[in-house]
Amino acid sequence: MKEFGGKNVFLTGGSSGIGLATAKQLAAAGADVVIFARDAGKLAVALEQIESRRVAAAQRFACRPLDVADHAAVTAVMGETVETFGAPDLLINNVGRALPHYFEDVTFEQFDETMRTNLYGAWSATAALVPHMGAGAAIVNVSSMAGFMGVFGLSDYCASKFALVGFSEALRQELRPRGIAVSVLCPPDTDTPGLAHEDLTKPAETKAVSAGAKLMQPDDVARDLIRGIERGTFMIVPGGDGKLAYFMKRHAPGVVDAIMRRGIRKARV
Ligand SMILES: NC(=O)c1ccc[n+]([C@@H]2O[C@H](COP(=O)([O-])OP(=O)(O)OC[C@H]3O[C@@H](n4cnc5c(N)ncnc54)[C@H](OP(=O)(O)O)[C@@H]3O)[C@@H](O)[C@H]2O)c1
């Protein structure tokens with residue numbers, strides 16, 4: 001996808017952080033944008049900010065309250081949005097949350113909610129919308145650096161984010177013959193309300209293993225995401241540190257493990 005003017009974008013989790021930054025940049029690029037999230041008040045505030053970036057009077061913007069963990073609601077709301085707004089040219093499955101804890105402190109209920117929010121949410125939205133999407137369309141699933149490297153204290157989050165990468169790879173092969181591109185975004189730590197919430201429960205070891213990496217800004221992640229869509233990149237890893245980590249994980253996994261072990265040891269003395 002090289003051009004966003006007049007394109008229909010459906011973006012889940014568009015009321016905050018990386019999703020909001022992306023929605024604003026897509027509005028500035030001329031796209032029509034619908035955002036989905038649970039809190040109607042936050043959605044309305046975000047929608048105003050997104051609309052303020054419009055570059056053409058004909059651009060349309062909307063928001064829909066939705067919990068992506070509720071499969072039936074996703075099916076109903078996405079169906080209604082296609083009817084009123086038209087089919088999406090670009091779907092960004094951005095919703096995700098992390099609640100860091102030692103594995104023994106992760107309840108089954110937390111694991112279940114993480115999977116339903118981070119993985120099932122993307123699956124349900126994709127399943128509802130793919131039948132309406134045609135050649136030239138694109139789908140981006142937002143994973144994480146924790147989607148290609150295991151991170152201490154993030155066992156349920158890593159399980160959901162690794163699964164998103166596998167889902168995206170399989171989907172990419174199936175949808176390529178139909179001319180629908182699939183990408184996966186793997187951001188490093190990014191300065192968002194979501195990260196601030198994560199930091200509240202992070203074990204010391206989790207903080208230690210990510211201490212050296214540069215914190216990214218949501219606008220920079222959004223810019224890399226949009227550039228990745230334009231170039232048809234499958235694995236979009238924003239930032240120099242993220243790209244280096246992705247390279248090292250593939251070509252020198254032992255070094256990555258040693259660096260992680262050193263960080264964990266340091267946090268324990
Ligand atoms: N920030 C980072 O450091 C970082 C790093 C790597 C990957 N990521 C990934 O990037 C994505 C965005 O992260 P962020 O930090 O920008 O998040 P954020 O600031 O917490 O924003 C999350 C957005 O998702 C919505 N949301 C949360 N749960 C939802 C649900 N069940 N149904 C519908 N909407 C829901 C939130 O609105 P409501 O609460 O009103 O629903 C909000 O709009 C996530 O997938 C995250 O895992 C983030």
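In the predicted model, helix α1 and helix α2, the latter spanning residues 40-51, pack against each other at an angle of about 30°, their axes lying 8 Å apart. The crossing in which α1 passes α2 is right-handed. On the α1 side the contact is made by Leu20, Ala23, Lys24 and Ala27, and on the α2 side by Ala46, Gln49 and Ile50. By residue class, this contact divides into five nonpolar residues, one polar residue and one charged residue.

Helix α1, which covers residues 17-28, also takes part in the surroundings of the ligand, since α1 and α6 (193-199) each supply at least two residues of the shell. A total of 30 residues surround the ligand, and the closest of these are Gly13, Gly17, Arg38, Gly96 and Gly194. The composition of the shell is mixed, with ten nonpolar, 14 polar and six charged residues.

A further set of helix contacts is centred on α4. Helix α3, formed by residues 71-85, packs with α4 at an angle of about 35°, and the axes of the two helices are 9 Å apart. The crossing of α3 and α4 is right-handed. From α3, the residues His71, Val74, Thr75, Met78 and Gly79 make the contact, while α4 contributes Tyr120, Ser124, Ala125, Ala128 and Leu129. The contact of α3 with α4 contains six nonpolar and four polar residues, and no charged ones.

Helix α4 also packs with helix α5 (residues 155-175), at an angle of about 20° and with the axes 9 Å apart. Because this angle falls under 35 degrees, α4 is described as roughly parallel to α5. The crossing by which α4 passes α5 is right-handed. In this contact, Gln110, Phe111, Thr114, Met115, Asn118, Leu119, Ala122, Trp123 and Thr126 of α4 meet Asp156, Tyr157, Ser160, Lys161, Ala163, Leu164, Phe167 and Leu171 of α5. The residues involved in the contact of α4 with α5 comprise ten nonpolar, five polar and two charged.

Within this arrangement, Ala122 was examined individually. Ala122 lies in helix α4, which runs over residues 108-129, and is among the α4 residues that meet α5. Ala122 has 31 C-beta neighbours inside 10 Å and therefore counts as buried, the threshold for that class being 20 or more other C-beta atoms within this distance. When residues up to four places away in sequence are not counted, Ala122 touches Asn93, Asn141 and Leu164, and Leu164 is also one of the α5 residues in the contact with α4. By C-alpha to C-alpha distance, Ala122 and Gly30 are 25 Å apart in space, with a separation of 92 residues in sequence.

Leu99 was considered in the same way. Leu99 is placed in the loop between β4 (90-93) and α4. Leu99 is classed as buried because 20 other C-beta atoms lie within 10 Å, a count that satisfies the criterion of 20 or more. The residues touched by Leu99, not counting those up to four places away in sequence, are Gln110 and Thr201; Gln110 is also among the residues of α4 that meet α5. Along the chain, Leu99 and Leu195 are 96 residues apart, whereas their C-alpha atoms are separated by 9.8 Å.

Note on methods. Residues are numbered from 1 along each chain as its sequence is written. This is a predicted model: local features need pLDDT of at least 70, side-chain atom pairs count only at pLDDT 80 or more; totals for chains, interfaces and linings use all residues. Helices (H or I, at least four residues) and strands (E, at least two) are DSSP runs, numbered from the N terminus. A residue is buried if 20 or more other C-beta atoms lie within 10 Å of its own, exposed if 12 or fewer, and partly exposed in between; C-beta atoms are placed from the backbone. Two residues are in contact if their C-beta atoms, placed from the backbone, lie within 7 Å. A residue is near a molecule or strand if its C-beta atom, placed from the backbone, lies within 6 Å of it. Ala, Val, Leu, Ile, Met, Phe, Trp, Tyr, Cys and Pro count as nonpolar, Asp, Glu, Lys and Arg as charged, and the others, Gly among them, as polar. Axes are lines fitted to C-alpha atoms, for helices over the stretch in contact, and angles run from 0 to 180 degrees between N-to-C directions. Angles under 35 degrees count as roughly parallel, over 145 as roughly antiparallel, 65 to 115 as roughly perpendicular and the rest as oblique. A crossing is left-handed if the near helix is turned anticlockwise from the far one by less than a right angle, and right-handed if clockwise.
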